[in-house]
Amino acid sequence: MHLTPREQERLNLFTAAELARRRLARGALLGAPDAVAYVCDEICELAWDGVDIDEIVRRAGALLTADQVRPGVPAAVPVIQVEALFPHGSSLVHVPQPFGPPGPDAPGAVRAADGEIELAAGRERRTAWLHNTGERPVWISSHFPLDQLNPAVRSDVELAGFRLAVPAGTAVRLEAGERKELVLVAMGGRR
């Protein structure tokens with residue numbers, strides 16, 4: 001028998017899902033690979049039967065609960081996506097949080113300390129008016145050296161050696177013609 005790569009993949013998925021069903025039948029917890037295989041296999045079968053994609057997503061999210069999978073699996077598998085064959089053709093099925101939301105102490109959880117943290121503590125700060133004289137909005141990201149700004153952005157103070165005093169990964173948008181007062185902080189590290 002000759003199988004296409006897609007058919008072989010489907011059979012591998014079914015085999016892993018059968019292992020998951022056996023483990024579930026005896027009350028064993030599922031790890032991430034077998035839990036994912038189980039849900040994907042069920043999705044593929046529902047699609048084969050012509051069930052509506054929204055209904056498949058709803059059912060798939062209720063197949064397994066957090067107490068049926070090993071600790072950490074809900075955090076390790078935040079989403080499942082599988083290409084399923086429907087009577088009308090293939091569609092990607094996206095199931096968010098298939099095993100429920102991760103707990104507050106799940107692997108990768110972020111715990112913020114109490115209080116406030118000063119950004120770039122001890123570095124020189126200054127206030128500046130930035131004016132976008134251009135015809136389009138300009139985004140200025142948190143760690144961008146301000147002396148390399150778009151030439152359409154003008155300032156009332158020297159910008160060399162400074163960046164915006166905003167949290168990492170954030171940005172400020174200056175609309176065309178907009179003038180904004182912003183806090184700047186001296187760059188750190190080596191250039």
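These legends describe close-up views of a predicted model.

**View 1. Aspartate 41 and arginine 10 join two helices through a salt bridge.**
The closest N and O atoms of aspartate 41 and arginine 10 are 2.7 Å apart. Aspartate 41 sits in helix H2 (residues 32-48), and arginine 10 sits in helix H1 (residues 5-25), so the pair ties together parts that are 31 residues apart in sequence. Aspartate 41 is buried, at 2% relative accessibility. Arginine 10 is partly exposed, at 23%. The model has 13 salt bridges by the rule used here. Side chains of opposite charge can pair when their charged atoms come close.

**View 2. Arginine 23 and aspartate 34 form a salt bridge.**
The N to O distance is 2.8 Å. This pair also links distant parts of the chain, with arginine 23 in helix H1 and aspartate 34 in helix H2. The two residues are 11 residues apart. Arginine 23 is partly exposed, with a relative accessibility of 27%. Aspartate 34 has a relative accessibility of 7%; this is under 20%, so aspartate 34 counts as buried.

**View 3. Glutamate 175 pairs with arginine 173.**
Their closest N and O atoms lie 2.5 Å apart, in a salt bridge. Glutamate 175 is partly exposed, with a relative accessible area of 34%. Arginine 173 is partly exposed too, at 31%. Elsewhere, salt bridges with shared partners connect Arg10, Glu18, Arg21, Asp41, Glu42 and Glu45 into one network.

**View 4. The largest pocket has a lining of nonpolar and charged residues.**
The space in this pocket is about 360 Å³. Its lining consists of Arg6, Glu7, Glu9, Arg10, Leu13, Cys44, Glu45, Trp48, Val82, Glu83, Ala84 and Leu85. By class, 6 of these residues are nonpolar, 6 are charged and none is polar. At least two lining residues come from each of H1, H2 and strand S1 (79-86). H1 gives the most, with 5 residues. Rolling a probe the size of a water molecule over the atoms shows where empty space is left.

**View 5. Strands S1 and S2 form an antiparallel pair.**
The pairing runs over 8 bridges. A hairpin of 2 residues joins S1 to S2. Alanine 84 stands opposite serine 91 in S2. One face of S1 is covered and carries Ile80, Val82, Ala84 and Phe86. The uncovered face carries Val79, Gln81, Glu83 and Leu85. Among the S1 residues, Val82, Glu83, Ala84 and Leu85 also line the largest pocket.

**View 6. Glutamine 97 has a positive phi in the loop between S2 and S3.**
The phi of glutamine 97 is about 45 degrees, although the residue is not a glycine. Most residues other than glycine have a negative phi. The loop lies between strand S2 (89-96) and strand S3 (125-132). Glutamine 97 is partly exposed, at 40% relative accessibility. Proline 104 lies in the loop between S2 and S3 as well. Proline 104 is exposed, with a relative accessibility of 70%. The C-alpha atoms of proline 104 and arginine 154 are separated by 45 Å, and these residues are 50 residues apart along the chain.

**View 7. Strand S7 pairs with strand S4 in the antiparallel sense.**
Strand S4 (residues 138-141) and S7 share 4 bridges. Serine 141 has alanine 171 in S7 as its bridge partner. Side chains alternate along S7 (residues 171-174). Val172 and Leu174 point to one face and are buried. Ala171 and Arg173 point to the other face and are not buried. Arg173 is the partner of glutamate 175 in the salt bridge of View 3.

**View 8. Serine 142 makes polar contacts in the loop between S4 and S5.**
The loop leads from S4 to strand S5 (153-155). Serine 142 is buried, with a relative accessible area of 4%. A polar contact of 3.0 Å joins its side chain to the side chain of histidine 143. A polar atom of the serine 142 side chain also lies 3.1 Å from the backbone nitrogen of glycine 169.

Methods
Residues are numbered from 1 along each chain as its sequence is written. This is a predicted model: local features need pLDDT of at least 70, side-chain atom pairs count only at pLDDT 80 or more; totals for chains, interfaces and linings use all residues. Side-chain values use heavy atoms; hydrogens and water are left out. A salt bridge is a side-chain nitrogen of Lys or Arg within 4 Å of a carboxyl oxygen of Asp or Glu. Buried means under 20% relative accessible area, exposed over 50%, partly exposed in between (1.4 Å probe, protein chains only). On a 1 Å grid over the protein atoms alone, a cavity is a set of points where a 1.4 Å probe fits but cannot get out, and a pocket is an open set with protein on both sides within 12 Å along at least five of seven lines; lining residues have an atom within 4 Å of a point. Grid points are joined across faces, edges and corners, and a volume is the space filled by probe spheres set on the points. Ala, Val, Leu, Ile, Met, Phe, Trp, Tyr, Cys and Pro count as nonpolar, Asp, Glu, Lys and Arg as charged, and the others, Gly among them, as polar. Two strands pair if DSSP finds at least two bridges between them. A polar contact is a pair of N or O atoms within 3.5 Å; within protein, one must be able to donate a hydrogen and the other to accept it, and residues adjacent in sequence count only if both atoms are side-chain atoms.
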